[in-house]
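Subject: The structure we talked about

Hi,

Here is the structure I said I would pass on, together with my notes. Have it open while you read, and click on the residues as they come up.

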Amino acid sequence: PISVSMVMEKHPVRYEESMNTVLIQEVIRYNKLLVTVRQTLNDLLKALKGLVVMSQALETMANSIYNNAVPDLWASKAYPSLKP
């Protein structure tokens with residue numbers, strides 16, 4: 001994930017620089033997406049190895065990846081896209 005403190009240091013939130021506020025919000029949102037993607041991929045890998053039981057959500061995610069589609073678990077945290 002991207003360090004929010006580093007971004008805030010480089011681009012401080014000031015009245016004159018309103019886009020910096022948007023930047024901070026986007027970094028926070030992107031970090032949440034990265035955490036979700038990393039966690040779900042690690043869980044899927046463990047399930048494929050047989051270390052944990054594969055849940056319905058993980059199976060649906062694996063099928064979405066196999067079909068070259070964005071998994072619903074990621075789409076709920078991601079930016080809107082026209083790609084199915």
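Which residues is A47 in contact with, leaving aside its neighbours within four places in sequence? The answer is V52, M54 and L58. Before we go further, keep in mind that this is a predicted model.

**The core**

A47 is a good place to start, as it belongs to the largest nonpolar core. That core has five residues, and the other members are L44, L58, M61 and W74. Helices α2 and α3 are the elements that give two or more residues to it.

Now click on W74, which sits in helix α4. Its relative accessible area is 16%, so W74 is buried, the cut-off being under 20%. Leaving aside neighbours within four places in sequence, W74 touches quite a list: L33, T36, V37, T40, L41, M61 and I65. L44 is a fellow member of the core, and there the C-alpha atoms of W74 and L44 are separated by 13 Å. Along the chain, these two are 30 residues apart.

T36 was one of the contacts of W74, so have a look from its side too. You will find T36 in helix α2, which covers residues 18-49. With a relative accessible area of 15%, T36 is buried. If you don't count residues up to four places away in sequence, T36 touches L73, W74 and K77.

**The two sides of α3**

Helix α3 runs over residues 56-66, and its buried residues are L58, M61 and S64. Why do they end up on the same side of α3? Because they cover an arc of only 120° around the axis. It helps to remember that an α-helix has 3.6 residues a turn, so residues three or four places apart point the same way. On the other side of α3 you will see Q56 and Y66, which are exposed. What do the buried residues of α3 pack against? They pack against α2 and α4, the latter being residues 72-75.

**A backbone oddity**

Just after α3, take a look at N68. This residue is in the loop between α3 and α4. N68 has a positive phi of about 60°, although it is not a glycine. Why mention that? Most residues other than glycine have a negative phi. As for its surroundings, N68 counts as exposed, at 59% relative accessibility.

**Out on the surface**

Which residues make the nonpolar surface patch of about 430 Å²? They are I2, M6, Y30, L34 and Y79. Take Y30 as one of them: this residue is found in helix α2, and at a relative accessible area of 35% it is partly exposed.

L48 is also in helix α2. At 61% relative accessibility, L48 counts as exposed, since the cut-off for that is over 50%. Then there is Y15, in the loop between α1 (residues 4-10) and α2. Is Y15 buried or exposed? Y15 is exposed, with a relative accessible area of 79%.

**Some distances to try**

Here are a few pairs for practising with the distance tool, taken C-alpha to C-alpha.

- S3 and N31 are 28 residues apart in sequence, and 8.7 Å apart in space. S3 lies in the segment before α1 and is partly exposed, with a relative accessible area of 34%.
- L48 and T21 are 27 residues apart in sequence, and 41 Å apart in space.
- Y15 and A69 are 54 residues apart in sequence, and 41 Å apart in space.

Put the S3 and L48 pairs side by side: S3 and N31 have 8.7 Å between them, while L48 and T21 have 41 Å.

If you want one route through all this, begin at A47 with its contacts V52, M54 and L58, go on to the buried residues of α3, and finish at W74 in helix α4.

Have fun with it!

How values were computed:
Residues are numbered from 1 along each chain as its sequence is written. This is a predicted model: local features need pLDDT of at least 70, side-chain atom pairs count only at pLDDT 80 or more; totals for chains, interfaces and linings use all residues. Side-chain values use heavy atoms; hydrogens and water are left out. Helices (H or I, at least four residues) and strands (E, at least two) are DSSP runs, numbered from the N terminus. Buried means under 20% relative accessible area, exposed over 50%, partly exposed in between (1.4 Å probe, protein chains only). Contact means heavy atoms within 4.5 Å. Patches are made of residues with over 30% relative accessible area and no salt bridge: like charges are joined within 9 Å, nonpolar side chains (Val, Leu, Ile, Met, Phe, Trp, Tyr) within 5 Å. Accessible areas come from the Shrake-Rupley method with a 1.4 Å probe; for residues, only the protein chains shown count as cover. A salt bridge is a side-chain nitrogen of Lys or Arg within 4 Å of a carboxyl oxygen of Asp or Glu. The arc is that of the directions from the helix axis to the C-beta atoms. A nonpolar core is a set of buried Ala, Val, Leu, Ile, Met, Phe, Trp, Tyr and Cys residues joined through side-chain atoms within 4.5 Å.
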